[in-house]
Amino acid sequence: MAGVRSLLVLVLVLHSSCLGFRSPLSVFKRFKETTRSFSNECLGTTRPVIPIDASDFALDVRMPGVTPKQSDTYFCMSMRLPMDEEAFVIDFKPHASMDTVHHMLLFGCNMPSSTGSYWYCDEGTCADKANILYAWARNAPPTRLPKGVGFRVGGETGSKYFVLQVHYGDISAFRDNHKDCSGVSLHLTRLPQPLIAGMYLMMSVDTVIPAGEKVVNSDISCHYKKYPMHVFAYRVHTHHLGKVVSGYRVRNGQWTLIGRQSPQLPQAFYPVEHPVDVSFGDILAARCVFTGEGRTEATRIGGTSSDEMCNLYIMYYMEAKHAVSFMTCTQNVAPDMFRTIPAEANIPIPVKSDMVMMHGHHKETESKDKTLLQQPKREEVLEQDFHVEESLDWPGVYLLPGQVSGVALDPKNNLVIFHRGDHVWDGNSFDSKFVYQQRGLGPIEEDTILVIDPNNAAVVQSSGKNLFYLPHGLSVDTDGNYWVTDVALHQVFKLDPNSKEGPLLILGRSMQPGSDQNHFCQPTDVAVDPDTGTIFVSDGYCNSRIMQFSPSGNFITQWGEASSRRNPAPGQFSVPHSLALVPHLGQLCVADRENGRIQCFKTDTKEFVREIKHASFGRNVFAISYIPGLLFAVNGKPYFEDQEPVQGFVMNFSSGEIIDIFKPVRKHFDMPHDIAASEDGSVYVGDAHTNTVWKFTSAEKMEHRSVKKAGIEVPEVKESQTIVESKMENNPASSELQKMQEKQKLIRKPDSGMPVVLITTLLVIPVVVLLAIAIFIRWKKSRAFGGKGSGGLNLGNFFASRKGYSRKGFDRLSTEGSDQEKDEDDGSESEEEYSAPLPAPTPAAS
């Protein structure tokens, strides 16, 4: 079996070379030619070798004047290294136009597949092992080598030939039949380089994609047992069914992203976002996500367009004395490890139609595949299980700032909190004309913006002192600037977190509510387009509109109108409370709070796109947040006659279906006011009544933990075992039941440690003994005094007499009270915000 696997690996690595083997002698005869015949129409040099200095030279690897006759033509050509001794490629310079060339790949090998001046790449590229050295693609960055890094060529171990592959996509530019000489100039040196570049190929050889299956994962993992390598670029590759490929280094159970990309984008080498080193004992892991929809037969790994491939190319460098130029991984040595793979690996990356990558293998593509190249108009999301639970070891829940009105994530993935300090929004805050009535209190004297470490909840930075009266919305743009709203000031502010010079931009008039282009009335939130810098403001409690401004703050347009409480039409709002941009689809989604729905609009035309509304939302949707493929939301407290609980929702953005609901374990939601989701699966919720921020984490990410019970450490069941296996449908009740059942499993089935029955017994015995003593004393007293005792053992009175305990909840400086405990006076919530007068029942504003 091992021999069969090895043979299959060799065939896959060399599949492109099978048809083109030629005699080595004829190749060497061709090499004896000292010049190459370029077309006169080409502007390139006729001298392929250009001396630079005593040790360096340039090699011009270009097409010899070709004219493709049909679109999606792949041409290959080869050039032998003009020396036998060792040399190093240290730089690449592309010569290609995006008007004519879709992409170029440069391979290193010892024998090309053809001896012609050029050939159709369907014949193959190399007759032996082909190493990719360089990739250039339209709409993608070119390959760059770090300083001091070079590819070793020539000598005893390096490649002897360069093979250039050029893909001509749209050939409309060749209507005049001109000749093309696209290619790459290589800078080579004879000087030994301290760091040698190499390629690590991760490849699946046994994946089967059943016909019609929505989601199929192909996982690859290998132990790394070489000297340290340093990753600086990566490339993904599948055929038409691939949706996303992700690669990671796993060290001590921690997943570090190497690269994640859609294989339908140009398959160039992309630089890693952060340098990643791989050392002896680490595990390299990769996942390809496929869909079998549209296929009538099972799809297997192979070299044709009707087959599939799952490849991750990792470009690295090593110290020269330990360098290995090529390594492969075709196994999955740690399948159980993928239970904890980050959630991002399961979320497809949307692809614009003009950036779709054409896949050039043997032309056996059937007509059924052609439809798969057409990208859907709406974002396509594969229905993966996605379940979040509170991160119980995150200490941020005990921060207890003022009323938490906004949460967001900065470019470093730090949590940013916007809170009200010692100010509250209550029935005395505004008059009937929405003018703030508590100016005499002055602005909040403490920092209202806190930057929190997402791991340990430490406050790493704070700002916003003496600026705000009643903070509300918060968002962070791609440059890290804060955009906040203040409902008392009726203004929007742009703040530089690293500057103490005051706001960069202010929109609206201080303390002046209004409804024209220069005024807001209690604005609620801001969203900034990451591509254009366009500013969108939801305005707000007393204006039911969305306003659009230029990056410099000039008014552009507005849309929306107030709605009645019955059957609101598209574009009508009753407190537009939260905004979420979906940039790649050009959409802006609005939490239409009092209408209990989410409305999405096109950012360019303001055209209504869709409504997302579920019975489980209840009457309110307070806040929303978007990450690729998923939409998150939190609702509000139910009215007295309603049954829907206050909770969080995870939705498939494409279909709008609810795939998960979530609640905290520590404390409980009272008025969850804002939500922020991260692409790593973390979700943060800020509550304006409990002054609390919770962190939720995708269950697949949560690590093995242990809890101490009665001083005995008992390992918990791994989180992956508590994930609800059936898909979350639009049935919150059944979802809650499933979660309760899973929690019961957690108690019944510990992995190891002392049995639960024994632990329970140890906990119960002291209580029983205490109660027995109390009953005995009570009995003795009644016997001694000959009548009814004057008092009994009242645990409620006992705890109520302790300092710091309150039946109305928890004190801000003490630990929280029972989650089941409720205020006796349900009708008055002193810290509740109040909105514009609305038909009864009047909703709580926030």
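Six disulfides are present in the structure, which is a predicted model. A disulfide is a covalent bond between the sulfur atoms of two cysteines. Three of these links, those of Cys 109 and Cys 126, Cys 222 and Cys 329, and Cys 521 and Cys 542, are described here in sequence order.

The sulfur atoms of Cys 109 and Cys 126 are 2.5 Å apart, and this pair is accepted because a disulfide is defined by sulfur atoms within 2.5 Å. The link is left-handed, with a torsion of -80° about the S-S bond. Cys 109 belongs to strand β5 (residues 103-109), whereas Cys 126 is placed in the loop between β6 (119-120) and β7 (131-137); the disulfide therefore ties together parts separated by 17 residues in sequence. Cys 109 is buried, its relative accessible area being 1%. Cys 126 likewise counts as buried, at 1% relative accessibility.

In the disulfide between Cys 222 and Cys 329, the S to S distance is 2.1 Å. The torsion about its S-S bond is about 90°, so this disulfide is right-handed. Both cysteines lie in strands: Cys 222 in β13 (residues 216-223) and Cys 329 in β21 (residues 326-329), so that parts 107 residues apart in sequence are tied together. Cys 222 and Cys 329 are both buried.

For the disulfide joining Cys 521 to Cys 542, the S to S distance is 1.9 Å. A torsion of about -95° about the S-S bond makes this disulfide left-handed. Its cysteines are both found in loops, Cys 521 between β30 and β31 (523-528) and Cys 542 between β32 (535-539) and β33 (545-549), and they are 21 residues apart. Cys 521 is buried, with a relative accessible area of 4%. Cys 542, at 21% relative accessibility, is partly exposed, because the class of buried residues is limited to values under 20%.

Strand β30, which precedes the loop of Cys 521, also takes part in an open sheet of four strands. The strand order in this sheet is β27-β28-β29-β30, with antiparallel pairing. The edges are occupied by β27 (471-476) and β30 (505-507); each has a single partner strand, so one side of each is left without a neighbour in the sheet. From one strand to the next, the twist averages 15°. At one edge, β27 is joined to β28 (residues 482-486) by four bridges, the two strands running antiparallel. Within this pairing, Val 476 stands opposite Tyr 482 of β28.

Technical notes
Residues are numbered from 1 along each chain as its sequence is written. This is a predicted model: local features need pLDDT of at least 70, side-chain atom pairs count only at pLDDT 80 or more; totals for chains, interfaces and linings use all residues. Side-chain values use heavy atoms; hydrogens and water are left out. Two strands pair if DSSP finds at least two bridges between them. Axes are lines fitted to C-alpha atoms, for helices over the stretch in contact, and angles run from 0 to 180 degrees between N-to-C directions. Buried means under 20% relative accessible area, exposed over 50%, partly exposed in between (1.4 Å probe, protein chains only).
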